[in-house]
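Reader: I'm new to this one and don't want the full tour yet. Could you pick one contact, take a close look at it, and then walk me outward from there?

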Amino acid sequence: MDLEIRHLRIVHAVAEAGSVTKAATRLGLAQPSLTAQLKRIERSLGGPLFERDRNGARPTPLGEMVLARARVLLPAVRDLQEDAVRFANTSVKLPGYRLGATNGPILGGLVERLTADQRGVPVTTRTSWSAGELTALSVAGRLDFVLLGTCGDSPPPPAEAMIWTTVGTDPVFVLLSEDHPLAEEKELELSSLADERWTVAPGDGCFADCFAAACARAGFVPESIYETDVATCLHLVGVGKAVALCQATFRLTSGLVMMPLAGAPLRWRHLLGWHADSIGARAAAPVVAAHARAAYADAVRRSARYADWLVTNPEYGAVPQP
């Protein structure tokens, strides 16, 4: 195995954290996966880099040597990346718009508005379940703008020199089959769904923790959760095998009912981000943000249930343009 920069980052993270378990948490990896990677790194370097016991992980003499080199190389690579981003984005005007987005209601409307407003200017898109992946692509200069969501007041993925603006804040609603016994209610207490099975689409961030905490406050632990693609989620809800959380701007399909949760125990913020070193993105940000807010407002208007709910909950919805 050839040694890569990411391998040095792993070694450095274990040394900084003092244990493989803590390093796995910081890196967003499963502990067995990180342990396996560390073993491969150690084999490629000729021996153990850490002495590991129940008290943590301490560098061996070989580990100290590798760490000394890593502490020189890692900042140098970061500086190279930042300088490259600045060099690649010296133009004040973007030649086109490279947009990245997680699952949400804004991207389609934003593309529609940008292509109508600036005819002939190319717009490309990239979608991912991972907000961290999209943010990293922006930092690397491969995306100009990123649309993603975070639960409650949670921050976006950590990254250097990213600028974020809030487009809108929604309550999280729940999807039921139209034949569900609670489908005729105006809103539901989360506790009334204590015996339900749940289905969710994949994603990163802390939303799973926020949902678990909301259920705990409501006095229950979710019975079971199916993690699957959106189409399968909707199928399971439609046939009455599960219920699902959804964004309040969700466009209903046949056989489903969208229901507010009393007290809005879960919230979702729509964010637009760009890298501070991209001169072109900084210059275009006011226009892109205005189009994003307009696309979001259109999505709110299309959701009759949400628009009605906003009448008595005006603190949610679109954020006025500064």
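Author: Let's start with a salt bridge: Asp153 pairs with Arg267, and their closest N and O atoms are 3.2 Å apart. This pair ties together distant parts of the chain, since Asp153 sits in the loop between strand S5 (145-151) and S6, while Arg267 belongs to strand S11 (residues 267-275), 114 residues apart. Keep in mind that you're looking at a predicted model. The two partners also sit in different accessibility classes: Asp153 is exposed, at 64% relative accessible area, and Arg267 is partly exposed, at 25%. The cut-off explains the labels, because anything over 50% counts as exposed and anything under 20% as buried, with partly exposed in between.

That bridge has company, as the structure holds nine salt bridges. Glu4 and Arg6 make one of them, with the closest N and O atoms 2.7 Å apart. Glu4 is partly exposed at 37%, and Arg6 is partly exposed at 44%.

Now follow a salt bridge into helix H9. Asp298 is paired with Arg301, with 2.3 Å between the closest N and O atoms. Both residues lie in H9, three residues apart, which is about one turn of the helix. That spacing fits a general rule: an α-helix has 3.6 residues a turn, so residues three or four places apart point the same way. Asp298 is partly exposed, with 23% relative accessibility, and Arg301 is exposed, at 59%. The story doesn't stop at two residues, either: salt bridges with shared partners join Arg113, Asp298 and Arg301 into one network.

Arg301 also leads us to the next helix along. H9 packs with H10 at an angle of about 95°, and their axes are 5 Å apart. That makes H9 roughly perpendicular to H10, because angles from 65 to 115 degrees fall in that class. On the H9 side, the contact is made by Tyr296, Val300, Arg301 and Arg302, and on the H10 side by Ala304, Tyr306, Ala307 and Leu310.

Take a look at H10 by itself, residues 304-311. Its buried residues are Tyr306, Trp309 and Leu310. These cover an arc of only 100° around the axis, so they're on the same side of H10. Turn to the other side of H10 and you find Asp308 and Val311, both exposed. As for what the buried residues pack against, that's strand S6 (162-177), helix H9 (279-302) and strand S12 (317-318).

Tyr306 brings in a neighbor from another part of the chain, Thr249. You'll find Thr249 in the loop between strand S9 (244-247) and strand S10 (256-259). Although it's in a loop, Thr249 is buried, at 5% relative accessibility. Setting aside neighbours within four places in sequence, Thr249 touches Pro105, Asp170, Tyr296, Ala299, Val300, Ser303 and Tyr306. Among those, Tyr296, Val300 and Tyr306 are names you've just met in the contact between H9 and H10.

Strand S9 is a handy signpost to helix H7, residues 207-217. In H7, the buried residues are Phe211, Ala214 and Cys215. They span an arc of only 100° around the axis, so these residues too are on the same side of their helix. The face of H7 turned away from that buried side carries Asp209, Ala216 and Arg217, which are exposed. The cover over the buried residues of H7 includes strand S7 (198-200), strand S8 (225-227) and S9. Just past the end of H7, Gly219 has a positive phi of about 95°.

You may have spotted a cysteine there and be thinking of disulfides. A search of the whole structure finds zero. Take Cys246: it is in no disulfide, and the nearest cysteine sulfur, that of Cys233, is 11 Å away. Cys246 is buried at 8%, whereas Cys210 is partly exposed at 22%.

One last stop, in helix H1 (residues 5-17), where Glu16 has its place. Glu16 is partly exposed, with 48% relative accessibility. Leaving out neighbours within four places in sequence, it's in contact with Arg26 and Arg71. For a sense of scale back to where we were, the C-alpha atoms of Glu16 and Arg305 are separated by 49 Å, with their positions 289 residues apart along the chain.

Key. Residues numbered from 1 in each chain as written. Predicted model: local features only at pLDDT ≥ 70, side-chain atom pairs only at ≥ 80, totals over all residues. Heavy atoms only, no water. Buried < 20%, exposed > 50% of the residue type's maximum accessible area, 1.4 Å probe, protein only. Helix = DSSP H or I, 4+ residues; strand = E, 2+ residues; numbered from the N terminus. Arc of directions from axis to C-beta. Contact = heavy atoms within 4.5 Å. Salt bridge = Lys/Arg side-chain N within 4 Å of Asp/Glu carboxyl O. Disulfide = S-S within 2.5 Å. Axes fitted to C-alpha atoms, helices over the stretch in contact; angles between N-to-C directions. Parallel < 35°, antiparallel > 145°, perpendicular 65-115°, else oblique.
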